[in-house]
Amino acid sequence: MSLSILNRNNKSILLDNIGNLVTANANSVKTIKNTSILIENGKIASIGKGYSDNLINCKGKMVTSGFIDSHTHPVFYNKRDKEYAMRLSGLSYEEIAKKGGGIVSSVEGVRKSSKSQLIEKVKERMDLFIANGTTTIEAKSGYGLDTESELKSLEVIDKVNKAHQIDMIPTFMGAHAFPKEFESKRADYIKIICNEMIPAVANQKIAIFNDVFCEEGYFSVEESRLILETGKKYGLKARIHADEFSNSGAAVLASEIDAFSADHLMAVSNEGISKLRDSKVVATLLPGTTFFLGKDTYAPARKLIDAGISVALATDFNPGSSHIQSMPFIITLACLYMGMTVEEAYQSATFNGAKALGLEKDVGSIEIGKKADLIIWQLDSLLDIPYYVSNHPIRKVIKNGNIVFEA
Ligand SMILES: [Zn+2]
């Protein structure tokens, strides 16, 4: 794998001899055959016409948008491979959490690590996202769970974002879990989130979103509402981990507070679905988590799509419940286990992911004026993505008009 930036000094590139150009918008997926894309100054300048000395021959293969991974937890230090082994030997995620595993076990790693140690880890992970065709990710804090370590995590995201070609959209997630020291003083931790963490995050301007794990055993609907409304007062936009293990009413809350996204939704109720339908909230589904945990409770994608709700797909990349960074593999899972068509899955992994982050005007589709964030595949058509299951030959990844990955 080579990771280089070859085009930094060139203002234009022509991607020529594209067999299938595939792009999604809010309503559909379009394929244009035998075409070209002209990139100028990092943006898409024209499609099917134009000239540049700087040619890339796509050899009749497919070109798509770069993927938008709208839900990731990349700021952790240690892997949780031993916990994975415990799970393989029969213990459930919940049982492992009771034994001191789970989110809380990543907290120690982040608290003890220096900023530069974390930066190194996160950069490596961003390289792998790019190699899998992801050009924009949402990145959450949430393994610090005290003011200092949450700020440190967001500063790590900020530093990596500035140094790396990938675009990272930062989310503050102090409400990821209750830290051990506050297990019996929940109200005190919520006060720290609202009175200390959120003001400090807003003051440093290092997050765009505020996320809460709204679930039985984590944050209740009323606690989540308070944290998300406090965030909104400080300019942080809301998103929610909603109805993952049980129906807690979190999807309803998402619609009531105008969240950008309600994520997971494996246990969403019919009431939740009808509230989402009447709102602008994107339903972000994370089939990698169900797969990685060896479960079969996939989110009801068909029900959500048939209700007219915008569905996004993301990896939920994290050390405990989804150590997956490949959006093409997530598309495979969505098609195999959630009844999504390959076009729906592609739209969910690109345009709708951008929508879940409020970025659909800049990224998520191949349109004139948008960022030139593109994948040149060694595959012929969209159907090849689920057909190749987990092995997806990507020839080049282009971000802001620069080649950032070459096979
Ligand atoms: Zn998550």
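Me: Buried means under 20% relative accessible area, exposed over 50%, partly exposed in between (1.4 Å probe, protein chains only). Which residues of helix H12 are buried?

Reply: The model is predicted, so local features need pLDDT of at least 70 and side-chain atom pairs 80 or more, while totals for chains, interfaces and linings use all residues. Numbering starts from 1 along each chain as its sequence is written, and side-chain values use heavy atoms, without hydrogens and water. Helices (H or I, at least four residues) and strands (E, at least two) are DSSP runs, numbered from the N terminus. In H12, the buried residues are Met 327, Pro 328, Phe 329, Ile 330, Ile 331, Thr 332, Leu 333, Ala 334 and Cys 335.

Me: How many of the 11 residues of H12 is that, and what follows for the helix?

Reply: H12 covers residues 327-337, and 9 of the 11 are buried, so the helix is largely enclosed by the rest of the structure. Just after H12 comes Gly 339, with a positive phi of about 70°.

Me: What about strand S14: which residues lie on each of its faces?

Reply: S14 spans residues 374-377. Leu 374 and Ile 376 are on one side, Ile 375 and Trp 377 on the other. These four are all buried, and both faces of S14 are thus covered.

Me: Which strands pair with S14?

Reply: Pairing takes at least two DSSP bridges between two strands. Strand S5 (residues 62-65) is antiparallel to S14, with 3 bridges; in that pair, Ser 65 has Leu 374 as its bridge partner. Strand S15 (residues 394-399) also runs antiparallel to S14, joined by 4 bridges. There, Trp 377 of S14 is opposite Ile 394 of S15.

Me: How many cavities are there?

Reply: A cavity is a set of points on a 1 Å grid over the protein atoms alone where a 1.4 Å probe fits but cannot get out; lining residues have an atom within 4 Å of a point. Points join across faces, edges and corners, and volume is the space filled by probe spheres set on them. The count here is 2 cavities of 30 Å³ or more. The largest has a volume of about 110 Å³. It is lined by 15 residues, of which Tyr 93, Ile 103, His 176, Phe 213 and Ser 321 are the closest to its centre.

Me: Where does the second largest cavity lie?

Reply: Its volume is about 40 Å³. Residues lining the second largest cavity include Ser 65, Thr 135, Asp 362, Lys 371 and Asp 373. Domain bounds come from an automatic or database assignment. Domain 1 (12-65 + 365-406) and domain 2 (67-356) both contribute lining residues, so the second largest cavity lies between them.

Key. On a 1 Å grid over the protein atoms alone, a cavity is a set of points where a 1.4 Å probe fits but cannot get out, and a pocket is an open set with protein on both sides within 12 Å along at least five of seven lines; lining residues have an atom within 4 Å of a point.
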